[in-house]
Amino acid sequence: MSARPASGNDTAAALRATAHRLDAEDPLRPVRERFTLPEDVVYLDGNSLGALPKAVPDRLARVVAHEWGALGIRSWTESGWWEAPERVGELIAPLVGAGPGQVVVGDSTSVNLFKALVAAVRLAGEGRDEVLVDSSSFPTDGYIAEAAVRLTGHRLVPVLPAEVPGRLGPRTAAVLLNHVDYRTGRLHDLPGLTAAVHEAGAYAVWDLCHSAGALPVGLDAHGVDLAVGCTYKYLNGGPGSPAFLYVRAAHQAAFDSPLPGWNSHAEPFGMRPSYTRAEGATAGRVGTPDILSLLALEAALGVWEGVDLAAVRAKSLALTDFFLECVDRYVPAGSLESVTPAAHEERGSQLALRTPRAAALMPRLIARGVVGDFRPPDILRFGFTPLYVGFADAERAARVLAEELGAGD
Ligand SMILES: Cc1ncc(COP(=O)(O)O)c(C=O)c1O
Ligand SMILES: Nc1c(O)cccc1C(=O)C[C@H](N)C(=O)O
């Protein structure tokens with residue numbers, strides 16, 4: 001980075017004063033009170049595991065003691081367990097720009113990637129034999145895509161998102177893309193790439209793991225065909241909370257799941273020997289939902305009440321700008337390189353700083369209460385969740401980072 005040398009106490013005092021003012025002016029500041037945050041810790045890992053919303057422990061305790069303990073099997077109907085995948089889907093829908101009836105919650109992101117990709121190539125039909133997959137993606141996307149095409153008989157073409165328009169053609173059936181790159185934090189052009197995929201007559205599948213809850217997505221507005229995302233990052237659902245699957249309403253009649261379990265049957269308790277698909281988003285279900293995690297997620301989604309996603313995006317950009325400014329002021333020139341694009345329209349809600357010392361540095365930052373993560377071979381990752389991270393947190397993280405960099409190995 002183009003760092004200026006740290007100029008001592010004056011710099012720190014000025015940056016702290018700015019942080020204090022920005023926190024005082026922050027319209028999302030009160031939302032932080034909806035979370036239990038670890039004491040004296042700057043938590044910059046919400047892009048891996050979101051913090052704990054305060055409403056979750058009591059809700060879970062009641063589900064266990066009353067719904068499971070006292071009501072038992074009756075809770076599938078009396079406590080609304082059976083409909084929970086669709087009900088929780090309706091809570092996520094507005095956060096990703098989806099109208100009602102298109103989002104269902106259940107299974108992991110990996111499993112939903114498989115369903116979505118196979119369903120997309122089936123929608124494309126005969127005569128199209130290629131699937132493009134984002135080669136910079138989180139590894140599971142590539143593994144799943146490879147396994148999916150082995151079953152469907154398509155040819156997998158790994159490409160960088162920027163190369164997609166040049167690689168599309170009459171043979172393309174579907175394209176699997178990441179909205180925000182998990183390593184670099186680069187935000188890809190979802191509207192533009194989706195339009196290009198459609199122009200080629202193909203189907204666009206988006207992985208929203210690093211954008212759902214971090215920025216407006218606009219699934220309906222941009223014509224996305226299918227999308228998946230996890231709920232344990234910016235949606236704060238807890239470790240292993242179930243993922244979501246979006247199937248555009250226009251495609252639901254032809255949606256052909258490769259995993260048609262009994263939960264997506266039109267009449268699940270009819271126990272029929274043959275399968276008849278349920279209507280709507282329910283067709284994306286497979287087997288018995290993970291009720292404890294699903295209901296923890298439902299309680300966690302309460303933190304979004306009254307929260308405007310445009311304010312979340314504005315704060316995310318302000319926080320990441322401010323963190324970069326602090327790093328620039330505190331850290332000696334040449335010791336870190338930001339691999340996250342500077343342009344706002346290309347930035348998600350995390351920053352990735354490159355240094356050959358990254359692997360050794362991150363444990364030291366964590367020991368000093370600044371929790372980010374390390375991604376091989378040389379990336380320090382800092383996630384900024386606008387619902388609970390403040391500007392004073394950003395200043396402290398940058399200052400501790402500079403101190404640890406200065407301390408040598
Ligand atoms: C982009 C992306 N896709 C998928 C996953 C993981 O999927 P799963 O929920 O199946 O572990 C992650 C992170 O774990 C991710 O960052
Ligand atoms: N899903 C995770 C897990 O089960 C354990 C630890 C981390 C994760 C993550 O989410 C990693 C994350 N997708 C990443 O961007 O690196």
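Colleague: What makes you say that helix 8 (residues 190-199) lies across strand 7 and strand 8?

Modeller: Contacts do: two residues are in contact if their C-beta atoms, placed from the backbone, lie within 7 Å. Helix 8 lies across strand 7 and strand 8 in that sense, running at about 150° to strand 8. Axes are lines fitted to C-alpha atoms, for helices over the stretch in contact, and angles run from 0 to 180 degrees between N-to-C directions. Helices (H or I, at least four residues) and strands (E, at least two) are DSSP runs, numbered from the N terminus. Please keep in mind that this is a predicted model, where local features need pLDDT of at least 70, side-chain atom pairs count only at pLDDT 80 or more, and totals for chains, interfaces and linings use all residues. Residues are numbered from 1 along each chain as its sequence is written, while chains are lettered from A and ligands numbered from 1 in the order in which they are written.

Colleague: How do you know that strand 8 and strand 9 pair?

Modeller: Two strands pair if DSSP finds at least two bridges between them. Strand 8 (residues 203-207) and strand 9 (residues 226-229) have three, in the parallel sense, so they qualify. One bridge joins W206 to A227 of strand 9.

Colleague: And what makes strand 4 and strand 6 edge strands?

Modeller: Strand 4 (103-105) and strand 6 (155-159) each pair on one side only. They end an open, mixed sheet of seven strands, ordered 4-10-9-8-7-5-6. Helix 5 (residues 109-124) packs on this sheet, and its direction makes about 175° with that of strand 9.

Colleague: Why is S110, in helix 5, called partly exposed?

Modeller: A residue is buried if 20 or more other C-beta atoms lie within 10 Å of its own, exposed if 12 or fewer, and partly exposed in between, with C-beta atoms placed from the backbone. S110 has 16 such neighbours, so it counts as partly exposed. Leaving aside residues up to four places away in sequence, S110 touches T140 and I144.

Colleague: Is P139, in helix 6 (residues 139-152), buried or exposed, and why?

Modeller: P139 is exposed, because 8 other C-beta atoms lie within 10 Å.

Colleague: What about A359, in helix 11 (residues 358-367); why is A359 called partly exposed?

Modeller: A359 has 15 C-beta neighbours inside 10 Å, so the partly exposed class applies. Its C-alpha atom is 7.7 Å from that of P377, 18 residues apart along the chain.
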